[in-house]
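Student: Please show me the structure, and I will ask about the terms used to describe it.

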Amino acid sequence: MPPKLHHASRPSLEAVQFEPAAGGQSLQCFAIVAPGLEQLALAEARALGISAELEEKGGGLAWAGDVESVLRANVGLRIASRVLVRLASFQARTFAELERHARQIGWARIVTPGGSARFRVTSKKSRLYHTDAIAQRLADGLVRAVTGVQVDEATAAGDDEVHAPEDAQLFVVRVHRDHFTVSADSSGDLLHRRGYRQETAKAPVRETLAAALIAASGWDLVSPLVDPLCGSGTIPIEAALMARGIAPGAKRSFAVERWPGVPRTLGESVRMELANGRSPVVPGPMIGSDRDMGAIAAAVANAERAGVAGDVALSMRALSAAEFPGEHGWIVTNPPYGVRVGDAGRVRDLWAQLGHVLGERARGWRVAILSPDSALDRQLCIPLRAVAHTSNGGIPVRLMVGEIGR
């Protein structure tokens, strides 16, 4: 059945210009980051020059900035998954209170007349706990404020995977101990969706986590980087984008670019500025290999879409035949974990083989690896230390780094 829609029947408030600096006020921004990766994302955001007021908070980065900083974060951040802009913060213990606050939110700063929207609501330890009812009250406030806006009730609880209009503006609502925080999503599609990975192999690592692992490795962007278990190529492709200075969001658009009052040229201006540091080629070898022919075919197609096909050497080969050019470099990889029953022995043998190959043929190289437990770490026989803890596909993992002895 098609989703039910709210339709505004009252005149809208006058659409306001998006003037974040008006009255000396800045936008309150928050980049969502997978738990455990905040420090890596903070270093990246500082290098990107997003704001002088960046602050690490649980689950992300906060700053006060303007629309340009919001676009810079969306276009340039490799580790963050979404960028929010806070619209309102208030206490409400009854639906009457919530309705009163909903009518005061500046919806017209975000949604154009005739546009569409959806809500994601979470509520914990609050008197108002029914998320659909909360979304309904907020939707009523939105349709009072903006002429012809449609709110998709099927997505009121905020599932990213359910059907919704492609350009539907997402509002993220967090309720904790009766305190409401209402934010507008400025990203649209999650930021790991760079646009190049349309073909995948088994158990692919997300682009954002691949970027975090490369950052954790301490790679210098110049030395060789090898992934001997590359699957559909996410790690070497992300590394090539980094080495070339190609922004992860260079080829896609963002929800903030559709907000009223945001100059239509601002996004292109930010993309052009971030493209100024691009290199025509990668400084050093970027190598990915896998024994699965289908995975390599997917990796080649993904590299072409990412614009780095000429920068990444991808080949089908067994782990024992992996290439490690030069006397030093980085191995960055995400081996299989063996979460299915019966896989444990096979996966343990694969990790042992990986450790043997690296110890024999990559002495002096540095290694960064995603590992779910210390039992697999020990199979490598390489001294490793954890630099971050997060999850991959719902599996708790650690970002482990070390150096292979000579």
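Student: What joins strand β6 to strand β7?

Tutor: Two bridges join β6 (residues 116-124) to β7 (residues 150-152), and the strands run parallel. Two strands pair if DSSP finds at least two bridges between them, so β6 and β7 count as paired. Ser-116 is found opposite Gln-150 in β7. The model is predicted, so local features need pLDDT of at least 70 and side-chain atom pairs count only at pLDDT 80 or more, while totals for chains, interfaces and linings use all residues. Residues are numbered from 1 along each chain as its sequence is written, and side-chain values use heavy atoms, with hydrogens and water left out.

Student: What makes a stretch a helix or a strand?

Tutor: Both are DSSP runs, numbered from the N terminus: a helix is a run of H or I with at least four residues, and a strand is a run of E with at least two. The chain comes to ten helices and 16 strands.

Student: Which unit do β6, helix α4 and β7 make, and what is its handedness?

Tutor: With α4 at residues 131-145, they make a right-handed β-α-β unit. A crossover is called right-handed if, with the strands pointing away from the viewer, the path from the first strand over the helix to the second runs clockwise.

Student: How many bridges join β6 to strand β8?

Tutor: Eight bridges join β6 to β8 (residues 169-176), and these strands run parallel. Lys-124 has His-176 in β8 as its bridge partner.

Student: Why is strand β5 called largely enclosed?

Tutor: Seven of the ten residues of β5 (residues 82-91) are buried, so the rest of the structure largely encloses the strand. Buried means under 20% relative accessible area, exposed means over 50%, and partly exposed lies in between, with a 1.4 Å probe and protein chains only. In the chain, buried residues make up 53% of the 406 residues.

Student: In which sense do β5 and strand β9 pair?

Tutor: They pair in the antiparallel sense over seven bridges, with β9 at residues 179-185. Phe-90 has Phe-180 in β9 as its bridge partner. Strand β2 (residues 27-32) also runs antiparallel to β5, joined by four bridges. One bridge partner here is Arg-82 in β5, which goes with Ile-32.

Student: Is Asp-178 buried or exposed, and how do you know?

Tutor: Its relative accessibility is 9%, which is under the limit, so Asp-178 counts as buried. Asp-178 is in the loop between β8 and β9, and its phi is near 70°, a positive value in a residue other than glycine. Most residues other than glycine have a negative phi.

Student: And is Lys-125 buried or exposed?

Tutor: Its relative accessible area of 61% is over the upper limit, so Lys-125 is exposed. Lys-125 is in the loop between β6 and α4, and its phi is also positive, near 55°.

Student: What is the relative accessible area of Met-316, and what is the residue called for it?

Tutor: The value is 43%, which lies between the two limits, so Met-316 is partly exposed. Met-316 is in strand β12. Contact means heavy atoms within 4.5 Å, and Met-316 touches residues including Asp-290, Arg-291 and Ile-296. Met-316 and Ile-296 are 20 residues apart in sequence and 6.1 Å apart in space, C-alpha to C-alpha.

Student: What makes β12 an edge strand?

Tutor: β12 (313-316) pairs on one side only, and β15 (384-392) is likewise an edge strand. The open sheet has seven strands in the order β12-β11-β10-β13-β14-β16-β15, with mixed pairing. Within it, four bridges join β13 (residues 330-333) to β14 (residues 366-371), which run parallel. Trp-330 stands opposite Arg-366 in β14.

Student: How do you know that the span of helix α9 agrees with its number of residues?

Tutor: The expected span is 1.5 Å times one less than the number of residues. For the 18 residues of α9 (residues 344-361) this should be 26 Å, and the end C-alpha atoms are 26 Å apart, so the two agree.

Student: Which elements do the buried residues of α9 pack against?

Tutor: They pack against β13, β14 and α10 (374-380). Among these buried residues are Val-347, Leu-350 and Trp-351.

Key. Lists of a residue's contacts leave out its neighbours within four places in sequence.
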